[in-house]
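Trainee: Could you take me through one part of this model slowly? I'd like a close look at a single pairing, and then a tour outward from there.

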Amino acid sequence: MRVQADAPGRINLIGEHTDYNRGWVLPIGIAMGISLTAALRRDNLVKVYARDLKKEAVFSLSELSPGNGHNWWDYLAGVCWALLDEGFELSGADISFGGDIPIGAGLSSSAALEVAAAAALVRLNSLDIDKKKLALLCQKAENRYVGVQCGVMDQYASMLCKRNHALLIDCRSLDYEHVPLKLSQQALAIIDSRVNRSLAGSDYNRRREECREALALINEHSGVKRQSLREVTLQDVEQARFFLPEELYLRSLFVVEENQRVPAMVRALRAGDLAGAGRLMNESHTGLRDLYKVSCRELDLLAELSRGTPGVWGARLTGAGFGGCIIALVQKENLPDLQRRIMEETSGLLEKEPCFYTTSAAGGCVVKIIT
Ligand code: GLA
């Protein structure tokens with residue numbers, strides 16, 4: 001039996017850097033994804049072929065050890081390791097994959113690869129495991145095997161998104177809900193700055209560390225033991241201003257405000273309030289730029305140019321930041337104007353010409369038997 005697993009990349013509408021603070025996030029699946037085919041082998045080897053890189057690799061299921069290298073196949077080896085570590089039995093497999101998600105653009109190509117591989121292996125090995133748990137195992141693969149301390153958003157999104165809906169995830173309870181996206185006259189534009197963010201893993205991990213430090217100090221001074229910044233109020237942050245180092249104050253202020261923006265966004269989307277939704281996106285970008293400090297010149301320029309274009313309701317960086325993409329909520333009829341404006345006005349100002357995509361909300365990973 002051969003199976004094919006197709007898993008989408010994602011953009012996040014709002015709720016950035018809130019997942020690892022046990023807050024809310026609101027991603028959607030996108031039209032770009034990873035397509036992976038796999039068949040079982042009789043031994044315990046996994047042979048992988050990356051169609052786009054035209055590269056092959058082989059690893060043994062009995063020799064997987066986390067955090068050992070920085071290889072392109074680590075995402076796949078990590079998924080195998082996470083399943084085995086959880087006590088599931090796996091046979092070897094022949095895997096081949098490719099896709100159209102630009103790599104290093106912050107659109108979760110790695111999560112899509114993990115999710116597609118996990119879903120294919122589950123089907124081939126007839127494992128009994130639900131999608132939510134599988135998404136968590138993919139996150140574990142990335143945290144422990146690959147060594148990136150990501151939250152749960154990307155793997156959840158790639159696994160659980162629904163067409164024409166956003167995925168509201170409560171990263172404390174790990175429950176989720178599909179929120180209808182009624183955007184018949186609007187589109188989401190994705191504009192890739194092509195500033196590669198692959199070297200930014202350490203900055204990302206540093207932000208996580210800063211949130212931990214801020215929480216520890218807030219708890220220490222108030223004598224209340226909160227589990228995460230999710231439980232911190234704006235009032236707590238204002239009081240903490242007197243004892244937190246300036247940058248930890250800014251980071252926690254952003255997280256608390258951003259977390260409040262997610263339910264506000266859901267309300268705006270449900271009410272069809274595009275102006276409100278756009279305003280929240282703009283505020284989120286400003287916070288990411290000035291408080292959380294994960295934007296960069298290129299993303300700021302793209303967001304600003306987008307906002308100044310007629311028909312654009314709001315624009316913000318999406319994903320971890322430090323490069324990658326912005327998204328803009330725009331009237332469909334104004335998409336050509338937006339693209340023209342971005343191309344014309346960034347010419348000569350950016351190192352690389354930005355790439356422009358549009359997307360609607362795609363469904364999550366699908367597995368089918370192909371032979
Ligand atoms: C990356 C991580 C996610 C999330 C975002 C920021 O995409 O993988 O878990 O933390 O950054 O919101």
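How many bridges join strand 10 to strand 11, and do they run parallel or antiparallel?

Mentor: Happy to, and keep in mind that this is a predicted model. Strand 10 and strand 11 (residues 325-331) are joined by six bridges, and the two run antiparallel. For one spot to click on, take R316: its bridge partner in strand 11 is I327. As a bit of background, strands of a sheet pair through backbone hydrogen bonds, in either a parallel or an antiparallel way.

Now zoom out a little. The pair belongs to an open sheet of four strands, ordered 10-11-9-12, with antiparallel pairing. Strand 10 (312-318) is at one edge and strand 12 (355-359) at the other; each has a single partner strand, so one side of each has no neighbour in the sheet. On average, neighbouring strands here are turned by 25° against each other, direction ignored. Then there's a helix packed on this sheet: helix 10 (residues 335-346) touches strand 9 (186-192), strand 10, strand 11 and strand 12. Compare its direction with that of strand 12 and you get about 160°.

There's another sheet to set beside that one. This open sheet has six strands in the order 5-4-6-3-1-13, and its pairing is mixed. Its edges are strand 5 (55-60) and strand 13 (366-369), each with a single partner strand, so again one side of each lacks a neighbour in the sheet. From one strand to the next, the twist averages 20°. For a parallel example, look at strand 4 (residues 45-50) and strand 6 (residues 93-99), which pair over five bridges; there K47 stands opposite D94 of strand 6.

Helices lie across this sheet as well. Helix 2 (residues 109-124) crosses strand 1 (2-12), strand 3 (27-40), strand 6 and strand 13, at about 45° to strand 3. Helix 4 (residues 153-160) lies across strand 1 and strand 3, and runs at about 125° to strand 1.

Last stop, the ligand. The residues surrounding the ligand include R10, H17, D19, Y204, G319 and A320. The shell divides into five nonpolar, three polar and four charged residues. Three polar contacts are worth a click. A polar side-chain atom of E16 sits 2.7 Å from a ligand oxygen atom, and one of D154 lies 2.6 Å from an oxygen atom of the ligand. With G151 the backbone takes part, a polar atom there being 2.8 Å from a ligand oxygen. Of the 310 Å² of accessible area that the ligand has on its own, the protein covers 95%.

Note on methods:
Residues are numbered from 1 along each chain as its sequence is written. This is a predicted model: local features need pLDDT of at least 70, side-chain atom pairs count only at pLDDT 80 or more; totals for chains, interfaces and linings use all residues. Side-chain values use heavy atoms; hydrogens and water are left out. Two strands pair if DSSP finds at least two bridges between them. Axes are lines fitted to C-alpha atoms, for helices over the stretch in contact, and angles run from 0 to 180 degrees between N-to-C directions. Contact means heavy atoms within 4.5 Å. A residue is near a molecule or strand if one of its heavy atoms lies within 4 Å of it. A polar contact is a pair of N or O atoms within 3.5 Å; within protein, one must be able to donate a hydrogen and the other to accept it, and residues adjacent in sequence count only if both atoms are side-chain atoms. Accessible areas come from the Shrake-Rupley method with a 1.4 Å probe; for residues, only the protein chains shown count as cover. Ala, Val, Leu, Ile, Met, Phe, Trp, Tyr, Cys and Pro count as nonpolar, Asp, Glu, Lys and Arg as charged, and the others, Gly among them, as polar.
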